[in-house]
Amino acid sequence: MIVVAGEALIDLVPQDTGALAALTPALGGGPYNTAVALGRLGSPVAFCSRVSHDAFGEALLDRLRQTGVDVSPVQRGTEPTTLAVATVGADGSAAYSFYVEGTADRLFRTPAALPSGTRAVSFGTCSLVLEPGASAYEELMRQSAARGLFTALDPNIRAGLIADPDEYRARFKSWLPSVSLLKLSAEDAEWLGGTPREWLASGPAAVVVTLGGDGLTVFTRDGNVYAVPGEQVDVVDTIGAGDTVNAALLHGLAVRDALTPEAVAALRADGWTDLLGFAARAAAVTCSRAGAEPPYAHEVAA
């Protein structure tokens, strides 16, 4: 079982250009998309969050159930669902503004236990920024690492939500001793101001950096660097592409029985090339269709 911990929200996606373009609601949130992608790839997966009882919240849970995601760890609340208004650029890249005050997912509390058979827990995005939930997710991360579970982190920076960048950067560094696998985009890496080598020295067994259409690169604790190119595809938008990479990496490690820091550290060139190539193919499928629509296993078979 892989548990994905973090927010579920509604993306409001413009259907045309301009500030007053019609907006279509889409189910989203980085961790939510990661859970859906894992379910579609065939991994046993559970979602750990706090979700509203409103109509958006019910729709979010319905999709998880339909994808085979265990929703038993989900907490419920009467607060509204978080909204993220997306703006899609000419190149398909997405930017967001958020409506988060008093919403359900930021009131998450650290659970007493995770589902039986949990081997890995994935964290990231807004859930590690917005208090009081951020501290609860942080505590879950530290507890999971202390129990020997594999922990994955994708900070997925949303700068507009971060009131004090320096404080967040310091907090990010404090998480690294509890992180087994760090995945982030080149833009996130630049914003954080560190380097993969610095981060590896603090704890992770590997750091994967995504480069958009240029592919993925992994930096390993033993000093090796492996890279694969991106898959050529007609990009509709990039919504959910990074979340799909998260899921593909976790799924690929699971099928290799490599969900431990020691097993990740033991991967060599062929193993990393295969794993990164799988993640690149999965992300390309997501980019080829509108919204966060990650692939099913048969769409990315080698």
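Two strands pair if DSSP finds at least two bridges between them. The exercises below apply this to a predicted model.

**Exercise 1. Determine how strands S9 and S10 are joined, and which residue of S10 stands opposite Val121.**

Step 1. Locate the strands: S9 covers residues 120–124, and S10 covers residues 150–154.

Step 2. Count the bridges. Five of them join S9 to S10, and the two strands run parallel. The pairing rule asks for at least two.

Step 3. Read off the partners. Val121 is opposite Thr151 of S10, and Ala120 has Phe150 in S10 as its bridge partner.

Step 4. Follow the chain between the strands. Helix H3, residues 133–146, forms a right-handed β-α-β unit with S9 and S10.

**Exercise 2. Find the other pairings of S9 and S10, with strands S1 and S11.**

Step 1. Take S9. Strand S1 (residues 2–5) is joined to S9 by three bridges, and these strands run parallel. Within this pair, Val4 stands opposite Ser122.

Step 2. Take S10. Two bridges pair S10 with strand S11 (residues 181–185) in the parallel sense. Leu153 has Leu182 in S11 as its bridge partner.

Step 3. Trace the connection from S10 to S11. The chain passes through helix H4, residues 165–175, in a right-handed β-α-β crossover.

**Exercise 3. Decide whether the faces of S9 and S10 are covered or open.**

Step 1. Set the cut-off: a residue is buried when its relative accessible area is under 20%.

Step 2. Apply the cut-off to S9. On one side Ala120, Ser122 and Gly124 are buried, and on the other Val121 and Phe123 are buried, which leaves both faces covered. Because five of its five residues are buried, S9 is largely enclosed by the rest of the structure.

Step 3. Apply the cut-off to S10. Phe150, Ala152 and Asp154 on one side are buried, as are Thr151 and Leu153 on the other, and both faces are covered. Five of the five residues of S10 are buried.

**Exercise 4. Describe how helices H7 and H9 meet.**

Step 1. Place the axes. H7 (residues 241–255) and H9 (residues 269–287) have axes that come within 8 Å and cross at roughly 145 degrees. The crossing is right-handed.

Step 2. List some of the contact residues. H7 contributes residues including Ala241, Val245, Leu249 and His251, and H9 contributes residues including Leu275, Phe278, Ala282 and Cys287.

Step 3. Sort the contact by residue class. The contact of H7 with H9 has 12 nonpolar residues, four polar and no charged.

Note on methods
Residues are numbered from 1 along each chain as its sequence is written. This is a predicted model: local features need pLDDT of at least 70, side-chain atom pairs count only at pLDDT 80 or more; totals for chains, interfaces and linings use all residues. Side-chain values use heavy atoms; hydrogens and water are left out. Buried means under 20% relative accessible area, exposed over 50%, partly exposed in between (1.4 Å probe, protein chains only). Helices (H or I, at least four residues) and strands (E, at least two) are DSSP runs, numbered from the N terminus. A crossover is right-handed if, with the strands pointing away from the viewer, the path from the first strand over the helix to the second runs clockwise. Axes are lines fitted to C-alpha atoms, for helices over the stretch in contact, and angles run from 0 to 180 degrees between N-to-C directions. A crossing is left-handed if the near helix is turned anticlockwise from the far one by less than a right angle, and right-handed if clockwise. Contact means heavy atoms within 4.5 Å. Ala, Val, Leu, Ile, Met, Phe, Trp, Tyr, Cys and Pro count as nonpolar, Asp, Glu, Lys and Arg as charged, and the others, Gly among them, as polar.
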